[in-house]
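Reader: I'd like to practise reading a model feature by feature. Could you take me through this one?

Author: Sure, here it is.

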Amino acid sequence: MSAARRVLGIETSCDDTSAAVLERGVRLRAHLIAAQDVHRLYGGVVPELASRAHLRAVGPVADRALTDAGLALDDVDLIAVTAGPGLVGALLVGVSYAKGLAVATGKPLVGVHHLEGHLFGTELDDPAAVPPFIGLIISGGHTMLLDVPAWGRYRLLGETRDDAVGEAFDKVGALLGLGFPGGPAIERLAAQGDPARWRFPRPMLHGGQQPGDPDYLDLSMSGLKTAVVNTVRGIGDLEAERAHLCRGFQDAVIDVVTRKVVRAVELTDRSRVVLGGGVACNKALRAALAAALAEIGATLHAPSPRISTDNAAMIARAGLFRAAEAGRAVDAEARLPFPGLERS
Ligand code: KG4
Ligand code: ZN
C-alpha cells in the first residue's frame, strides 16, 4: 500500500465533479473538472441539485480521466476520495462511487480531508511548495492560517470568526448584482475601480494587538461586509460606483489577509507561504502577498487556477500521502476532523 504509485482521485464535496489520475505523487496524467453551472440560476450552490448533478457526472468523469491517462482501472493502485468537509449529499455521491470501485476491484480506498487536499495541491504546480511552510487556505467555505512543520502536522494559527473570505466575495458580489460566484467578477471590476474612492474598514488589524492576543492571527469578514452593505444603501447610482466599490472591498480584504500572513511568518520564522482554495485565483491578492513576503525574505507558493478551486488532483496527491502514512487502506469516514490538526 505504501508503494502506491498510481492513484485515481475523486472530488464531489461541493459543485465540481472532478477526477484525476496521478502518478508517483507529482505527475498528473489526467485531470477533469466538470463544473455545475446550474447554481448560477439560484445565486448560490443548491445542495440537492449538486448531488443530482454529481450522480450523473461522477461515472463518466472518472472513466474519462482513466481514458485520458491511457490506463484501465486495474492499472491504478489506490482510489482516493474527498470524505469531507462539504455538502453531505454531494460527498455521499463521490464516497459511494469510490467505495463501489474499491469493492469491485479490490483496490485500497483512502478518504481525504478536503482542506488537507488544498494544502497538498500547490505542490503539483510548484515543487517548492513543501513543508515547513505557513499554509493559507482561503475558499468559499474556509479561511485558515496553519503552521505546517511537516506533512500531516498542522497547527491552527488563525481562522475566520465569521464568514470565509470567498463567502465575503460571494455575498458582496450578490449585493452588487454580479451573480455567483462573486470572486472572479469582483476581481475583474476592481481592476477598473478607483482605489481612493471608497475606503472600507480593515477588521481585526487594530487595537494594540500582540502575538498571543486572540485576535492577532484570526480574521473577520462580517464587519467589512456590513460596511459595504451600508454604503450601497446610501448610493443612488450603483452602476457608476460598482467598480469602485469592488476595488474598495477587495483592497480591504487584501490588506487584512496580507498583514495576517506576514504576522504568521514573523511569528514562526517560516520562509514559505503556501496558498490554497478558490480565492487563491485572485491575482491582485497574490501580487500583494508575494510583494509583502519578499520584503521579509519569504516566498509565496500559489497554485494555478485549476488547482486553486476544488479539484481531484489535490485529493489524489493527499490520498497518496495518507495511504503511505497509514500503511493500509483507510476507511473514508475515518479522516475527520482535520487529521493532525492542533490548535495553538
Ligand atoms: O475552493 P473553492 O473552489 O470552493 C470551496 O471549497 O469553497 O472556492 C470557491 C470560492 C468562491 O467563494 C469564489 O468566489 C472564490 O473562491 N473565488 C475568488 C476568485 N475566484 C474564485 N475570490 C476572489 N477572486 C477570485 N478571482
Ligand atoms: Zn475547496
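Reader: Where does Pro85 lie?

Author: Pro85 sits in the loop between β4 (78-84) and α2 (88-105). Keep in mind as we go that this is a predicted model.

Reader: What is the peptide bond from Gly84 to Pro85 like, cis or trans?

Author: The general idea first: most peptide bonds are trans. The bond from Gly84 to Pro85 is cis, with omega near -5°. There is also a cis bond from Pro131 to Pro132, with omega near 0°, and Pro132 lies in the loop between α3 and β6.

Reader: And phi? Which sign does Met204 have?

Author: Most residues other than glycine have a negative phi. Met204 is not a glycine, yet its phi is positive, at about 65°. You'll find Met204 in the loop between α5 and α6, where it counts as buried because its relative accessibility is 17%, and the cut-off for buried is under 20%. Asp269 also has a positive phi of about 65° without being a glycine. Asp269 belongs to the loop between α7 and β9 and, with a relative accessible area of 69%, is exposed.

Reader: Now the metal. Which residues coordinate the zinc ion (ligand 2)?

Author: His114 and His118, each through NE2, and Asp310 through OD, at 2.1 to 2.2 Å. Along the chain, the donors follow the spacing H-x3-H-x191-D.

Reader: Why are His114 and His118 separated by about one helical turn?

Author: Because they are four residues apart in helix α3 (residues 114-125). Both His114 and His118 are buried.

Reader: How do I read the geometry of the zinc ion (ligand 2) site?

Author: Start from the ideal: four tetrahedral donors would have angles of 109.5 degrees. Here the angles among the four donor atoms run from 91 to 151°. To count as tetrahedral, all angles must lie between 85 and 135 degrees, so the site of the zinc ion (ligand 2) is irregular.

Reader: What surrounds ligand 1?

Author: There are 20 residues around ligand 1, and the closest are Gly140, Asp170, Glu187, Gly278 and Asn282. For the polar side of things, look at distances to the ligand's oxygen atoms. A polar side-chain atom of Asp170 is 2.6 Å from an oxygen atom of ligand 1. Gly140 places a backbone N or O atom 2.8 Å from an oxygen atom of the ligand, while for a polar backbone atom of Gly278 the distance is 3.0 Å. On its own, ligand 1 has 560 Å² of accessible area, and the protein covers 89% of that.

Reader: What about the largest nonpolar core: how many residues does it have?

Author: It has 46 residues, and Phe249 and Val261 have the most contacts inside it. Several elements each supply at least two residues, including β6 (133-138), α4 (165-175), α7 (238-268) and α8 (283-295). The largest share comes from α7, with twelve residues.

Reader: One polar residue to finish: is Glu23 buried or exposed?

Author: Glu23 counts as buried, because its relative accessibility is 6%. You can find Glu23 in strand β2 (residues 16-23). Its side chain has a partner too: Glu23 makes a polar contact with the side chain of Arg29, at 2.7 Å.

Technical notes
Residues are numbered from 1 along each chain as its sequence is written. Chains are lettered from A and ligands numbered from 1 in the order in which they are written. This is a predicted model: local features need pLDDT of at least 70, side-chain atom pairs count only at pLDDT 80 or more; totals for chains, interfaces and linings use all residues. Side-chain values use heavy atoms; hydrogens and water are left out. Donors are N, O and S atoms within 2.8 Å of the metal (3.2 Å for Na, K and Ca); water is not among the atoms, so sites may look incomplete. Four donors count as tetrahedral if all angles lie between 85 and 135 degrees; four count as square planar and six as octahedral if opposite donors are over 155 degrees apart and all others between 65 and 115; anything else is irregular. Buried means under 20% relative accessible area, exposed over 50%, partly exposed in between (1.4 Å probe, protein chains only). A residue is near a molecule or strand if one of its heavy atoms lies within 4 Å of it. A polar contact is a pair of N or O atoms within 3.5 Å; within protein, one must be able to donate a hydrogen and the other to accept it, and residues adjacent in sequence count only if both atoms are side-chain atoms. Accessible areas come from the Shrake-Rupley method with a 1.4 Å probe; for residues, only the protein chains shown count as cover. A nonpolar core is a set of buried Ala, Val, Leu, Ile, Met, Phe, Trp, Tyr and Cys residues joined through side-chain atoms within 4.5 Å.
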